[in-house]
Amino acid sequence: MKYDFDTVVSRQGTASLKWDIKENVLPMWVADMDFPTAPEIISALKRRVDHGIFGYSVIPQEWYQAYIDWWHTRHGFVFTADDMVFSAGVVPTLSSAVRRFSAPGENVAVLTPVYNIFFNSIVNNGRKVRPCPLKYDSGTHSYSIDPALLEEVLSDPQTSLMLFCNPHNPAGIIWSRDELDMIGRLCEKYGVTVVSDEIHCDLCDHGYKYTPFASVSEINARISITCIAPTKAFNIAGIQTSAVVAKDPVLRHRIWRQLNTDEVGEPNVFACTAACAAFCEGGRWLDELRTYIAQNREYAQEYIRKNIPVLDVVPSHATYLVWIDCSKTGIASDKLCDDILEKTGLFLSDGVQYGSGEGFFRMNIACPRSVLCEGLGRLSSYFGSTG
Ligand SMILES: Cc1ncc(COP(=O)(O)O)c(C=O)c1O
């Protein structure tokens, strides 16, 4: 490996959401990584800092090209600069989309369990969450969509929008082309616009390809907007930089208008520099990171299987989030997470906040292996100590 993911870099004292915590707490919850970003991105940002003038920015042509080339070569998804809009983040886009593509009181469909902030974007804007729980097979510990239930949700005339996560946080599902096609057809049939949040797409294991929702068919391209960003894969979420791809000119105009009304359509001074460096120079770093994360996931899975048999890991090949079934403990997952935090200092995400996630918790494994071992050790000591 050319890059180092083993060295532990302290994040204490950096006003980090994850690490601004009591001593002895080990945070394995919020989805950011404990690795410094790619050295190529750091160098590009340093060059920008060295210039010393930080006035208002415009979006340079290279920003468009960086995304276009990356999605074309990495994901086989072809779009042009005309299809793209800058946004200061995926969550700002989700909220803007809720405001633009649905009316107060209408339903927004989600496949649960799902990224908890989807609920905030819906509820804080006075819309209703219309969950479509995924079917969980407790034998294989895998999820699937119930097509009849999805049709029921989408056919409700009050449902105007669907927020979709591809690949899926928290369960790490890489949706198949058939599933994406089925969602697209049903949404088209019932006039539901799709916002496909693809922020985790560059974090699939080698050999496991994600399919962009809009790339599947003419229908999917026409009824959706797609949120993409370098922030999750390159650990630069604090820089607040993302893009929306919308092939349909009307949807694109409407989201562009709303992002600008919401004042999240303009880049801060580092936003385009970081994105260009990530996509133009960060490929090798990312490929090594993906190997490291896959090894961490395998390590965690094996460790839990051998040492904490009361837990079951949901198998996955995407994201750095491990979704763990704790239903065999017989303890409610919120109580369990609170108790683990209190007794061991290990800070996990309780499944309940993701909707239909009772009996599960989420563990962020994007950290040096030694930190992962420490976290797993705390987890097993908890279960050891409670029998
Ligand atoms: C599915 C998903 N979407 C969006 C975000 C956050 O996006 P942003 O930081 O660009 O607002 C996250 C962060 O964890 C996420 O998991």
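This section describes the fold, domains, ligand surroundings and backbone features of a predicted model.

The chain comprises 12 helices and 15 strands. Its radius of gyration is 21 Å, close to the 21 Å that the globule rule gives for 387 residues, so the chain is as compact as a globular protein of that length. Along the principal axes, the C-alpha atoms fill a box of roughly 60 × 55 × 35 Å.

Two domains are assigned. Domain 1 is made of residues 26-37 together with 283-385. Domain 2 covers residues 44-281. The centres of domain 1 and domain 2, taken over C-alpha atoms, are separated by 25 Å. Domain 1 brings 28 residues to the contact, and domain 2 brings 29. On the side of domain 1 that touches domain 2, two elements give two or more residues: α10 (283-307) and β12. Of these, α10 gives the most, with 5 residues. By class, this side of domain 1 holds 13 nonpolar, 10 polar and 5 charged residues.

Strand pairing was examined next. Strands of a sheet pair through backbone hydrogen bonds, in either a parallel or an antiparallel sense. Both senses occur in the model. Strand β3 (residues 107-112) runs parallel to strand β4 (residues 128-133), and 6 bridges join the two. Within this pair, Val 108 has Val 129 of β4 as its bridge partner. Helix α4 (residues 117-123) completes a β-α-β unit with β3 and β4. The unit is right-handed.

An open sheet of 4 strands shows antiparallel pairing. Its strand order is β11-β12-β15-β14. The edges are formed by β11 (312-313) and β14 (349-350), each of which pairs on one side only. Strand β12 (residues 321-325) pairs with strand β15 (residues 360-364) in the antiparallel sense. This pairing extends over 5 bridges. One of the partnerships links Asp 325 to Phe 360 of β15. Strand β12 thus appears in two settings: it pairs with β15, and it gives residues to the side of domain 1 that touches domain 2.

The surroundings of the ligand were then listed. There are 14 residues around the ligand. Those that come nearest are Ala 31, Gly 89, Val 90, Val 91 and Tyr 115. By class, the shell divides into 8 nonpolar residues, 5 polar residues and 1 charged residue.

Backbone geometry was considered last. Most residues other than glycine have a negative phi, and most peptide bonds are trans. The model contains exceptions to both tendencies. A cis peptide bond joins Asn 166 to Pro 167, with omega at about -5°. Pro 167 lies in the loop between β7 (159-165) and α6 (177-189). Another cis peptide bond joins Asn 169 to Pro 170, where omega is about 20°. Pro 170 is also placed in the loop between β7 and α6. This loop therefore carries Pro 167 and Pro 170. Ala 15 is not a glycine, yet its phi is positive, at about 50°. Ala 15 is found in the segment before β1 (26-27).

How values were computed: Residues are numbered from 1 along each chain as its sequence is written. This is a predicted model: local features need pLDDT of at least 70, side-chain atom pairs count only at pLDDT 80 or more; totals for chains, interfaces and linings use all residues. Two strands pair if DSSP finds at least two bridges between them. A crossover is right-handed if, with the strands pointing away from the viewer, the path from the first strand over the helix to the second runs clockwise. A residue is near a molecule or strand if its C-beta atom, placed from the backbone, lies within 6 Å of it. Ala, Val, Leu, Ile, Met, Phe, Trp, Tyr, Cys and Pro count as nonpolar, Asp, Glu, Lys and Arg as charged, and the others, Gly among them, as polar. Domain bounds come from an automatic or database domain assignment. Two residues are in contact if their C-beta atoms, placed from the backbone, lie within 7 Å. The radius of gyration is taken over C-alpha atoms; the globule rule is 2.2 Å times the number of residues to the power 0.38.
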